[in-house]
Amino acid sequence: ADPRRIRPGDVVEIRQVSYSVRGTIRLVEVGWSWIEHLIEDADGVRRRLSIEEDRKLELVLWDAEPAAALTPGAPTIEFAGRRYDWMESGQARYTTSGSTGLDPSGTMRYHDYQAPGGARLTFEAYGEAGWEVARGELLHLGEILVHPSTARG
């Protein structure tokens, strides 16, 4: 199934690990949009899968870094032995479905950084909350399998 059609309740298999899709955040910034799915494996490990289509489909698997004492804004950031360069920042409006722990809609701010080889570092702040840091890695389409929920109407 097409990753662009993932919905809460589906199961996604990424590099042979199965994750339940708990919730979905749809983000819209002037002229473009992207999606973040909150996914959880059988051990309760939570990650995010972002899907963006800008000329080509881009899939990124994110791991939260709650202990990272970093703030965004610098042109380059050193973290966990890698050097990340600023890529873009902005503010988007979001709406949610499923279980996300966020308000049903609102605004979020972000700063995105990228390291050589495609590794990502992002800072996101939803509503009035503080910055959350996550590290991301690009996925190839062949590394993800989607098992749609049978409950889908």
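**Figure 1. Surface of the predicted chain.** About 8600 Å² of the chain is exposed, with 49% of that coming from carbon and sulfur atoms (Shrake-Rupley areas, 1.4 Å probe; for residues, only the protein chains shown count as cover). Buried residues account for 41% of the 153 in the chain (buried is under 20% relative accessible area, again with a 1.4 Å probe and protein chains only). This is a predicted model, where local features need pLDDT of at least 70, side-chain atom pairs count only at pLDDT 80 or more, and totals for chains, interfaces and linings use all residues. Residues are numbered from 1 along each chain as its sequence is written, and side-chain values use heavy atoms, leaving out hydrogens and water.

**Figure 2. The fold, strands and no helices.** The chain has eleven strands and zero helices (DSSP runs: E, at least two residues, for strands; H or I, at least four, for helices; numbered from the N terminus). Its radius of gyration is 15 Å, which agrees with the value near 15 Å for a compact globule of 153 residues (C-alpha atoms; the rule is 2.2 Å times the number of residues to the power 0.38).

**Figure 3. Close-up on E29.** E29 sits in strand β2, residues 17-29. Beyond its neighbours within four places in sequence, E29 touches W34, G90, Q91, A92 and Y110 (contact: heavy atoms within 4.5 Å). So what about its charge? E29 is buried but has no salt bridge, and R109, the nearest side chain of opposite charge, is 11 Å away (a salt bridge puts a Lys or Arg side-chain nitrogen within 4 Å of an Asp or Glu carboxyl oxygen; Lys and Arg count as positive, Asp and Glu as negative, with His and the chain ends not counted).

Note on methods: Buried < 20%, exposed > 50% of the residue type's maximum accessible area, 1.4 Å probe, protein only.
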